[in-house]
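User: I would like to learn how to read helix packing and aromatic pairs from a set of coordinates. Please take one feature at a time.

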Amino acid sequence: MPTASENTLFGMGNPLLDISAVVDKDFLDKFEEIVKRNKVEYHAGGSTQNSVKIAQDEPDERERVETGVTAKQLLPSDVQKAPTLLSSRGITHSVIYQLPTKAHCAVSSWMIQEPHKVATFFGCIGNDHFGEILKKKAEEAHVDAHYYEQNEEPTGTCAACITGDNRSLVANLAAANCYKKEKHLDLDSNWELVKKAKVYYIAGFFLTVSPESILKVAKHASDNNKIFCMNLSAPFISQFFKEPLMKVMPYVDILFGNETEAATFAKELGFETDDIAEIAKKTQNLPKDNTKRQRVVVFTQGKDDTVATVGETVTMFPVVDIDQNAIVDTNGAGDAFVGGFLSALVQENKLEECIRAGHYAANVIIKRVGCTFPEKPDYQ
């Protein structure tokens, strides 16, 4: 099996600092009190960042809220009376470090272990204390993070308030929403890192921030017969960002999503079916720029079989059995799956092995709080 080299995997998205705290039902009055009054844990988060993080070390999905809704809409009924906290998009950074988009990078890094810095990550943070923590956490996860740093907005955060078995996620995209293609991606030194990669992963959430950046990376991958991966991320992406999503779709080689996202995508495109296998096939057959690679569609379904297009067929892949009492937190399951998948993909494994690696990573992560993992994977 080929060994991945440095900067083989490229991720770009919304970097958030995940802050987890065990709280009582007398909810926090304001965000800062999470740090002042509770024992907190810091993790580099964001859907894409988390996935990349897991891939580097190899190894009921609950969505991180990135829609700008209020805390009242996000929190359990027993804490809905608490004042509203800032909420915005931030899932992409979650898979990498218990950094969201970075989450994918972080998971990938964890699964691969050596060499370090297989994964590169781009995103925007603030010049502040949380930004420094985020950079430190990215480094600890062996993700080669190159942030666009600015002073207009603070580093994005996601508060995970733990009350018993419940997880209330309140995200503030903040600086993550300030990424500028011309000030970061277009710089020669940064674009060289993009060109160095062989596999690219960007979550759909980033469509709300910089669709022009996604298109530039996607076109580069297509023109050079590299692999461009994307995630539907959340139903609202297909509903309210359909136009930029469909502009990118011809360049997508591998598309991820869960059953809810798949159903919404199908409805928006008029597929006239709620059969997830048929949705996967219709999605695979959408117009594609690089005809040298047949599009692969992968839809997870929580504890149910993962659905994937394999050549001309649609195949069901059973997930790893787990004692329900062993499940601690399903929040990072989706990011972990993508991170594990990417860790096998950058090592040129077949689709079946990529899915197996994804299932393994998700199985490990749901036994722990947040998108965190042991020092080393025992994946064989």
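The turns below cover two helix pairs and then the aromatic rings.

Analyst: A caution before starting: this is a predicted model.

User: At what angle do helix H12 and helix H13 pack, and how far apart are their axes?

Analyst: Angles under 35 degrees count as roughly parallel, over 145 as roughly antiparallel, 65 to 115 as roughly perpendicular and the rest as oblique. Here H12 (residues 259-268) and H13 (residues 276-284) pack at about 60°, and their axes are 10 Å apart. H12 is therefore oblique to H13. The crossing of the two helices is left-handed.

User: Which residues make the contact between H12 and H13?

Analyst: H12 contributes Glu-259, Ala-262, Ala-263, Phe-265 and Ala-266, while H13 contributes Ile-276, Ile-279 and Thr-283. Sorted by class, this contact has six nonpolar residues, one polar and one charged.

User: Why is H14 called oblique to H15?

Analyst: The same angle classes apply. H14 (residues 333-345) packs against H15 (residues 351-365) at about 140°, with the axes 7 Å apart. Angles over 145 degrees count as roughly antiparallel, so an angle of about 140° makes the pair oblique. The crossing of H14 and H15 is right-handed.

User: What is the make-up of that contact by class?

Analyst: Between H14 and H15 there are 13 nonpolar, four polar and one charged residues in contact. On the H14 side they include Phe-337, Gly-340 and Phe-341; on the H15 side they include Glu-353, Cys-354 and His-359.

User: Turning to the rings, how many aromatic pairs does a search of the whole structure find?

Analyst: The search finds twelve aromatic pairs. To class a pair, look at the angle between the ring planes: over 60 degrees counts as edge-to-face. For Phe-10 and Phe-122 the planes stand at 85° and the ring centres are 4.9 Å apart, so this pair is edge-to-face. Both Phe-10 and Phe-122 are buried. Phe-236 and Phe-241 also form an edge-to-face pair, with 6.2 Å from centre to centre and 75° between the planes.

User: Are Phe-236 and Phe-241 buried or partly exposed?

Analyst: Buried means under 20% relative accessible area. Phe-236 has 12%, so Phe-236 is buried. Phe-241 has 24% and therefore counts as partly exposed.

User: Which residues form one aromatic cluster?

Analyst: Tyr-201, Phe-256, Phe-337 and Phe-341 do. Of these, Phe-337 and Phe-341 also appear among the H14 residues in the contact with H15.

Notes: Residues are numbered from 1 along each chain as its sequence is written. This is a predicted model: local features need pLDDT of at least 70, side-chain atom pairs count only at pLDDT 80 or more; totals for chains, interfaces and linings use all residues. Side-chain values use heavy atoms; hydrogens and water are left out. Axes are lines fitted to C-alpha atoms, for helices over the stretch in contact, and angles run from 0 to 180 degrees between N-to-C directions. Helices (H or I, at least four residues) and strands (E, at least two) are DSSP runs, numbered from the N terminus. A crossing is left-handed if the near helix is turned anticlockwise from the far one by less than a right angle, and right-handed if clockwise. Contact means heavy atoms within 4.5 Å. Ala, Val, Leu, Ile, Met, Phe, Trp, Tyr, Cys and Pro count as nonpolar, Asp, Glu, Lys and Arg as charged, and the others, Gly among them, as polar. Rings of Phe, Tyr and Trp (its six-membered ring) pair if their centres lie within 6.5 Å; planes under 30 degrees apart count as stacked, over 60 as edge-to-face and the rest as tilted. Buried means under 20% relative accessible area, exposed over 50%, partly exposed in between (1.4 Å probe, protein chains only).
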